[in-house]
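Trainee: Could you take me through one part of this model up close? I'd like to look at the barrel and whatever sits on it or opens into it.

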Amino acid sequence: MKSNPIKKKLSRGQPTLGTWLSLGNLHAARVLARSGFDWITLDIEHSPFDWREIASVVASIADADCVPLLRVPDNSHTMIKWALDAGAYGVIVPMIDTVEQAQAAISAAKYPPRGTRSAGGGMHNLNFSCPTEEYYRRANDEVVVILQTESPQGVANAQQIYAVPGCDAVFIGPNDLRFQMRSPTGDFPTAEEHEQMIQRVVEAGRATSTPVGIHVMTPEQANARIAEGMQFIAISSDLGMLANRAAEIVKTLGIQSDDDIARY
């Protein structure tokens, strides 16, 4: 059975770099899977894909010897089961605010006796290049569970959440965190207040020896977060790379200004 190189890197304290798939295009996924990223996450929380598309994209990433991950729509036992049965090497679970939510997500991703994942299917093992029975024996040790911190409540409970056995890493959703920090009148936090909340997550990760990650838009931002000790860094997305590069070309041609460039 193939091992999960992301799990190994995270456990050794090494940074891992990946990108996000928002378009879910099979051709784009195949190209990006061969571009050198450690992992690629297909975002099924905010994008309308069916499970046949999901399984094909995940398989194409695994066949390129890149790690396929799925960001599930919510902390649902069914969604986590489907994601892993489709052959993902791990799940990113959004909006984890409490220890109980963390325990439920991890349980859904692990076979008994460590969890409550149902045994079945014949697709998951193909992406790990092994027979089904071997997958059943080793999946608990190879699949990664990454919990998202996206709210002040999640930050307040961070140390307790990250200490739950089976939490392989935490991933800050900076946009949702910023929205969740809005005042009762709808005012957004300042950049300094937002960054202070992010640093509280970094500190909680250090206190529990849990790898921390975040979504960034540029390589420079990625390097800055790695210098802070973050290990699970998502850089832009297929949509972002397409839109931003196209906008930069148009700007160079003198058709568009900086203010017109849409950032994804």
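Mentor: Here is a walk around the barrel, then into the pocket, and finally past a few unusual backbone spots. Keep in mind that this is a predicted model.

Let's begin with the sheet. Eight strands close up into a barrel, in the order β1-β2-β3-β4-β5-β6-β7-β8, and the pairing is parallel. Going from one strand to the next, the twist averages 25 degrees. For a single pair, pick out β5 (residues 144-149) and β6 (residues 169-172): these two run parallel and are joined by 4 bridges. Within that pair, Thr149 stands opposite Ile172 of β6.

Now for two of the helices that pack on the sheet. Helix α3 (residues 51-63) touches β1 (16-21), β2 (39-43) and β3 (67-71). The direction of α3 makes about 150 degrees with that of β3. Helix α13 (residues 238-252) also packs on the sheet, and its contacts are with β1 and β8 (232-237). Here the angle is about 45 degrees, taken between the directions of α13 and β8. That puts β1 in touch with both α3 and α13.

Next, the largest pocket, which holds about 450 Å³ of space. Its lining counts 18 residues, and Trp20, Arg71, Asn175, His215 and Met217 are the ones nearest its centre. Two elements give two or more residues to that lining, namely α10 (174-180) and β8. Of these, α10 gives the most, with 3 residues. Sorted by class, the lining comes out as 8 polar, 6 nonpolar and 4 charged residues.

Strand β8 deserves a second look, since Ser236 is found there. Phi of Ser236 is near 55 degrees, positive in a residue that is not glycine. As a rule, most residues other than glycine have a negative phi, and most peptide bonds are trans. Is Ser236 buried or exposed? Ser236 counts as buried because its relative accessibility is 6%, with the cut-off for buried set at under 20%.

Ser129 is another non-glycine residue with a positive phi, about 55 degrees. Ser129 belongs to the loop between α6 (124-127) and α7 (132-142). On the other side of α6, the loop that runs between α5 (99-109) and α6 holds Pro113. The peptide bond joining Pro112 and Pro113 is cis, with omega about 10 degrees.

Note on methods. Residues numbered from 1 in each chain as written. Predicted model: local features only at pLDDT ≥ 70, side-chain atom pairs only at ≥ 80, totals over all residues. Heavy atoms only, no water. Pairing = 2+ DSSP bridges. Axes fitted to C-alpha atoms, helices over the stretch in contact; angles between N-to-C directions. Contact = heavy atoms within 4.5 Å. 1 Å grid on protein atoms, 1.4 Å probe; cavity = no way out; pocket = protein on both sides within 12 Å on 5 of 7 lines; lining within 4 Å. Points joined across faces, edges and corners; volume = space filled by probe spheres on them. Nonpolar A, V, L, I, M, F, W, Y, C, P; charged D, E, K, R; others polar. Buried < 20%, exposed > 50% of the residue type's maximum accessible area, 1.4 Å probe, protein only.
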